[in-house]
Amino acid sequence: MKAIQIIQPGKPPELREVEKPTPRPGQVLLKVTAAGACHSDDFVLNLPEEGFPYPLPMTLGHEGAGVVAEVGTGVTGISEGTSVAVYGAWGCGVCHFCARGLENYCSRAGELGITPPGLGNPGAMAEYLLVDDARHLVPLGDLDPVAAVPLTDAGLTPYHAIKPSLPKLVGGTTAVVIGAGGLGHVGIQLLRHLTPSRVIALDVSDDKLAFAREVGAHEVVLSDADAVANVRKITGNDGATAVFDFVGLQPTLDIAMGVVGTMGDVVIVGIGDMVATAKVGFFTQPYEVSVRAPYWGARDELIEVLDLARDGVLEVAVERFSLDDGVEAYRRLAANDLRGRAVVVPD
Ligand code: NAD
Ligand code: ZN
Ligand code: ZN
């Protein structure tokens, strides 16, 4: 079968012919219907060769959807032909975090060598995807897999990031979204639907800012050296009640810390590089600011996000590519030349 693989860090991925997998006991084989390209893939592609964390070559794609093609012995509760989305943050299923659905924070994944598809295990950028356990599948029902597949990360991650801030985002407050890309454009929609807050979006070009407005931002501000002052012109002395940084570079973290107000949240979702930090100290930021850096989301939250899409309140902007053109999707992603999410659809 065809698969898009990372062969060597620092080089573009390649379309290659690999063996079609067979499900072992407990596993489920999906015929892939859609796979989303995430900026984290680009981050991984550019990691240094020395100490590269995953076995190579590795098939990319941690956002996956498919139709159940074959089930391994012992698999119950899911049958062939069912259209599903894949919960990708695989954990052990047994530890305290996993028992709460927070497999993204599985405390035993490291020692057991459990990794997500596309981030250690073979990913969804292929004709078939092997899923370790049926509990990692959520039936899609009538949802279009191409429109729904980004919700497994570009929807789930902002949802999990925003949820703890919801009690603070009451009437008259401001939420700031930095980076209106794959995650950010869903984040804006979630904030508009789940809160009465005014939403200010920041990005680096007029096109991206126009896109942010289209998906629901009330105000947009260019992410430049004047960004803190320009956001504060809108928020006044109160500052922002929650700032979601979907970029994670030093300049954006500085903006986040510069615009957050008293008792506000700074949520670092972007993994722009490995060195950017938000400094916290008694005299550094307004009183009672909380800073968190969440990773992906919980199993139950994926069900919630898919239900929001079913209710028609989330519309993912998708640019569609064939598997043969998947490498081009990654080029466009790296060039910051996408509107929403790039989704690869095998023939
Ligand atoms: P994307 O490429 O689709 O979007 C990034 C957006 O940020 C683009 O619109 C770009 O124009 C904008 N941007 C770039 N530099 C900026 C700046 N200085 N100021 C403001 N905007 C800027 O990326 P994505 O797939 O949405 O991922 C966003 C980030 O989140 C990436 O760093 C990715 O690795 C990370 N991520 C983290 C998690 C997690 O669990 N924490 C999950 C998925 C992705
Ligand atoms: Zn991702
Ligand atoms: Zn676990």
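Trainee: Leaving aside neighbours within four places in sequence, which residues is Leu306 in contact with?
Mentor: This is a predicted model, where local features need pLDDT of at least 70, side-chain atom pairs count only at pLDDT 80 or more, and totals for chains, interfaces and linings use all residues; side-chain values use heavy atoms, with hydrogens and water left out. Residues are numbered from 1 along each chain as its sequence is written, while chains are lettered from A and ligands numbered from 1 in the order in which they are written. With contact meaning heavy atoms within 4.5 Å, and neighbours within four places in sequence set aside, the partners of Leu306 are Ala85, Val138, Leu140, Leu143, Ala148 and Leu151.

Trainee: How many residues does the largest nonpolar core have?
Mentor: A nonpolar core is a set of buried Ala, Val, Leu, Ile, Met, Phe, Trp, Tyr and Cys residues joined through side-chain atoms within 4.5 Å. Buried means under 20% relative accessible area, exposed over 50% and partly exposed in between, using a 1.4 Å probe and protein chains only. Val28, Leu30, Ile188, Phe244 and Leu306 have the most contacts inside the largest core, and its residue count is 82.

Trainee: Which strand gives the most to this core?
Mentor: Strands here are DSSP runs of E with at least two residues, helices are runs of H or I with at least four, and both are numbered from the N terminus. Six residues of the core come from the top contributor, which is strand S3 (residues 28-37).

Trainee: How many residues are in the other core that lies apart from it?
Mentor: Ile178, Ile200, Ala227 and Ala276 are among the members of that second core. Its size in residues is 19.

Trainee: Is Ile200 buried or exposed?
Mentor: You will find Ile200 in strand S10. Leaving aside neighbours within four places in sequence, its contacts include Val176, Val221 and Ile234. Because its relative accessible area is 0%, Ile200 counts as buried.

Trainee: In what order do the six strands of the open sheet stand?
Mentor: Two strands pair if DSSP finds at least two bridges between them. Generally, strands of a sheet pair through backbone hydrogen bonds, either parallel or antiparallel. Here the pairing is parallel, and the order is S11-S10-S9-S12-S13-S14.

Trainee: Why is one side of S11 and of S14 left without a neighbour in the sheet?
Mentor: Strand S11 (219-222) and strand S14 (290-292) stand at the edges of the sheet. One side of each is free because each has a single partner strand.

Trainee: By what angle are neighbouring strands of this sheet turned against each other on average?
Mentor: Axes are lines fitted to C-alpha atoms, for helices over the stretch in contact, and angles run from 0 to 180 degrees between N-to-C directions. For this average, direction is ignored, and the value is 15°.

Trainee: What angle does the direction of helix H7 make with that of S11?
Mentor: Helix H7 (residues 206-214) packs on the sheet, touching strand S10 (198-203) and S11. Its direction makes with that of S11 an angle of about 160°.

Trainee: And what angle does helix H9 make with S13?
Mentor: Helix H9 (residues 250-259) also packs on the sheet, touching S9, S10, S12, strand S13 (260-268) and S14. With the direction of S13, the angle is about 155°.

Trainee: Which residues are the protein donors of the zinc ion (ligand 2)?
Mentor: Donors are N, O and S atoms within 2.8 Å of the metal (3.2 Å for Na, K and Ca), and water is not among the atoms, so sites may look incomplete. The protein donors lie 1.8 to 2.3 Å from the zinc ion, and their spacing in sequence is C-x23-H-x90-D. They are Cys38 (SG), His62 (NE2) and Asp153 (OD).

Trainee: How many residues apart are His62 and Asp153?
Mentor: His62 is in the loop between strand S4 (58-59) and strand S5 (63-71), and Asp153 is in the loop between helix H4 (145-148) and helix H5 (156-162). Both His62 and Asp153 are buried. The pair links distant parts of the chain, with a separation in residues of 91.

Trainee: What is the relative accessible area of Thr157?
Mentor: Thr157 lies in helix H5. Not counting residues up to four places away in sequence, it touches Leu183, Val269 and Trp296. Thr157 is buried, with a relative accessible area of 6%.

Trainee: What is omega for the peptide bond from Leu56 to Pro57?
Mentor: Most residues other than glycine have a negative phi, and most peptide bonds are trans. Pro57 sits in the loop between helix H1 (39-45) and S4. The bond from Leu56 to Pro57 is cis, with omega near -10°.

Trainee: What is the phi of Glu288?
Mentor: Glu288 lies in the loop between S13 and S14, and Glu288 is exposed, with a relative accessible area of 58%. Although Glu288 is not a glycine, its phi is positive, at about 60°.
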